[in-house]
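Hello,

Here is the model I promised to pass on. Please load it first, then read the notes below.

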Amino acid sequence: MHAAVLRWYDGAARDLPWRRPDASPWGVLVSEVMLQQTPVARVEPAWRAWMERWPTPADLASAPAADVLRAWDRLGYPRRALRLQDCARTIVAEHDGAVPVTEDELLTLPGVGAYTAAAVAAFAHGARAVVLDTNVRRVVGRALEGRALPPPTLGRAEQERAAGYVPADAATSVRWNVGVMELGALVCTARSPRCADCPLRSRCAWLAAGRPADEHAARRRTQAWHGTDRQVRGRIMAHLRALPGTPWATGRDLLTVGAGGADPAALPDPAQPGRALASLVADGLVVAAASADADLYRLP
DNA sequence: AAGGCGGGGAA
DNA sequence: TTCCCAGCCTT
């Protein structure tokens, strides 16, 4: 199975900039943070512009946060942009400007969780690691365990099973990790897998069983979007990013923007825009003027 | 273990 | 419309 995946990857891998030999460990880390819940197609141009502007942790560490949030643009979950800058500052302050090598050290960085720590250890430093993202979980779950989709939450048992599939040799493990991930992204997709093109089709437990349905379907809940606080937060952030410079905006304007241009009082939940703005301030994505009476806000 | 957190494009 | 995306953090 390892050989089949490695051979397939050699012929099918996408030429992504953070996979090239000249990509720095910092470039790999930036790509992994951007790829947390944002598809490759949207990350690639943003990553190129980002790395040209801020090639090293020190460059990002010293940038104005407002510039960082504007460069993040609409990649989504803008808290990631602030965490990435915090991460850069931590690397400068505590690691002499160099991306840490061990998973334990990587895990201490802001915005770096189990997946990202493993991915950076493997893809930036060539270490053997158990890289478990949504793609790997799906491919392993199907091919080796015969399940349509992995369980909603990653448990210890699944993690230990996956660890057992990672080749012992470091160099081979890196190719396996990226190969399985790529297979999940291009062939063994969540919705409409292209089993006819899969290098594992002859030994896939899920395919052999007749592609049984997802047993966890009832427990999966897709997040609503329209009318949520997240949508309102997104409107406010988009408005502030688009303003020239970093001027103060009135709370009244921001609440109207958050309401989609309508009178907030007319919303089903009139308190929603105010709640969203307060949460943005709590997250550090928006700064409130020192005087509470001023009712003025801007990017940090 | 569960819920919050963006935004776009494919199915 | 619905689903899904190289998750992380807090409770």
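How do the residues of the surface near DNA strand C divide into nonpolar, polar and charged? There are nine nonpolar, eight polar and six charged residues. Keep in mind that this is a predicted model.

**The DNA surface**

DNA strand C is surrounded by 23 residues. Glu32, Leu35, Gly111, Thr116 and Arg138 are the closest. Of the strand C atoms that come within 4 Å of the protein, 64% belong to sugar and phosphate.

Three polar contacts deserve a look, and each goes to another part of the strand.

- Phosphate: a polar backbone atom of Gly111 sits 2.7 Å from a phosphate oxygen of DNA strand C.
- Base: the side chain of Tyr115 places an N or O atom 3.1 Å from a base nitrogen of DNA strand C.
- Sugar or linking oxygen: Arg191 has a polar side-chain atom 2.9 Å from such an oxygen of DNA strand C.

Two elements each give two or more residues to this surface: α8 (114–123) and α9 (134–143).

**Thr116**

Thr116 is one of the residues closest to DNA strand C. It is part of helix α8. Is Thr116 buried or exposed? Its relative accessibility is 3%. The cut-off for buried is under 20%, with only protein chains counted. Thr116 therefore counts as buried. Beyond its neighbours within four places in sequence, Thr116 is in contact with Glu32 and Gln36. Glu32 is itself among the residues closest to DNA strand C.

**The annotated domain**

The unreviewed UniProt entry places "domain: HhH-GPD" at residues 34–186. That span is 63% helix and 0% strand. The C-alpha atoms at its two ends lie 19 Å apart.

**The sheet**

There is also an open sheet of three strands. The order is β1-β3-β2, and the pairing is antiparallel. Which strands stand at the edges? They are β1 (249–250) and β2 (287–288). Each has a single partner strand, so one side of each is left without a neighbour in the sheet. Strand β3 covers residues 296–298, and two bridges join it to β1. Within that antiparallel pair, Ala249 has Tyr297 of β3 as its bridge partner.

If you open one view only, start with Thr116, in helix α8. From there, follow its contacts to Glu32 and Gln36.

Best wishes

Note on methods. Residues numbered from 1 in each chain as written. Chains lettered and ligands numbered in written order. Predicted model: local features only at pLDDT ≥ 70, side-chain atom pairs only at ≥ 80, totals over all residues. Heavy atoms only, no water. UniProt positions renumbered as here; feature names shortened; annotations may be inferred. Helix = DSSP H or I, 4+ residues; strand = E, 2+ residues; numbered from the N terminus. Near = heavy atom within 4 Å. Polar contact = N/O pair within 3.5 Å; in protein donor to acceptor, adjacent residues only side chain to side chain. Nonpolar A, V, L, I, M, F, W, Y, C, P; charged D, E, K, R; others polar. Buried < 20%, exposed > 50% of the residue type's maximum accessible area, 1.4 Å probe, protein only. Contact = heavy atoms within 4.5 Å. Pairing = 2+ DSSP bridges.
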